[in-house]
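Good morning, and thank you for making the time. I should like to take you through a few local features of one model, beginning with a question once it is on the screen.

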Amino acid sequence: MSLKVENISFSYTADREILKNISFELNQGETLCLLGPNGTGKTTLLKCINHLLTPKQGAVYINGDDVAKMTSIMRAKKIGYVPQYNSNVFQMNVVDTIMMGRIAFAGRKIRTEDKDIVFDIIEKMDLENFAFKNISEMSGGERQRVFIARALAQEPEIIIMDEPTSSLDLKNQMFTLELITKLAHSKNIGVIMSIHDLNLTSLFADNVIILKDAEMYACGKPHDTLTESNIREVYGVETAVTTEDGYRHVRLLR
């Protein structure tokens, strides 16, 4: 699998560009983290990749195929998408919610294979105790794990996650990111996620893109991108960045 984002630009209005000439590649098994302050276009970029928004210019390719020319079912077989946490949910239990990830494959008839895939993911995501609980009765963090499980049920080549840890406690942040990156490496799934926590980025990202003023400010390995000067220029804060156990550690300074 290879994902190629080529010269993507996007604007909601004529007088303000949200994205300017964004280009990068993602290879199978890699995890890419998108960083940047609020309003720098992270969510917009993820939606352009998934063709939920149409770029003003540029294109997105998966294995050389233009995502814009795929049918919705074809995209669902290629891309699993987890949007930002949304409090508006249907009256549906966890099993049925995750089973929705199999619709592109099963259509209206759920097969034994689909059930096996869903219950395997429920076990991996540690959701057995919630399997038949209505998702409207679950906490925001629990629901987020269900939506991630639904994306995994699609068995996609790429998983796109928009701030997947925003409503999770520390334990579940680590659990979820460890699981996602492990699956990415073992099943050769490409993962793109927007995230705000620089230290979690250091722990789990293979590569990092930092957005600033609608453009790519930095791109590369965490060790090369998570620097005191980059953080100062992008976020406007002073930090002390050290390397501990091979990972970047970012500490805010007052």
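Is Phe-10 buried or exposed? Phe-10 has a relative accessible area of 6%, and it is therefore buried, since buried means under 20% relative accessible area, exposed over 50%, and partly exposed in between, with a 1.4 Å probe and protein chains only.

Before I continue, a word on the source. This is a predicted model, in which local features need pLDDT of at least 70 and side-chain atom pairs count only at pLDDT 80 or more, while totals for chains, interfaces and linings use all residues. Residues are numbered from 1 along each chain as its sequence is written, and side-chain values use heavy atoms, with hydrogens and water left out.

Let us stay with Phe-10. A search of the whole structure returns 1 aromatic pair. That pair consists of Phe-10 and Tyr-12, with 4.7 Å from centre to centre and 80° between the planes, an edge-to-face arrangement. By the criterion used, rings of Phe, Tyr and Trp (its six-membered ring) pair if their centres lie within 6.5 Å; planes under 30 degrees apart count as stacked, over 60 as edge-to-face and the rest as tilted. Whereas Phe-10 is buried, Tyr-12 is exposed, at a relative accessible area of 52%.

I turn now to the strands. Helices (H or I, at least four residues) and strands (E, at least two) are DSSP runs, numbered from the N terminus, and two strands pair if DSSP finds at least two bridges between them. Strand 1, residues 2-13, runs antiparallel to strand 4, residues 57-62, and 5 bridges join them. Glu-6 stands opposite Ala-59 of strand 4. Strand 4 also pairs with strand 5, residues 65-66, in the antiparallel sense through 2 bridges; here Ile-62 has Asp-65 as its bridge partner.

What lies between strand 4 and strand 5? This hairpin has 2 residues between its strands, and Asn-63 there takes a positive phi near 50°. Gly-64 is also in that loop and is exposed, at 58% relative accessibility. Its C-alpha atom is 7.9 Å from that of Lys-4, although the two residues are 60 apart along the chain.

Finally, backbone angles. Most residues other than glycine have a negative phi. Asn-21, in strand 2 (residues 16-27), nevertheless has a positive phi of about 50°, and is partly exposed at 47%. Asp-245 has a positive phi near 55°; it occupies the loop between strand 11 (239-244) and strand 12 (247-252), and is exposed at 78%.
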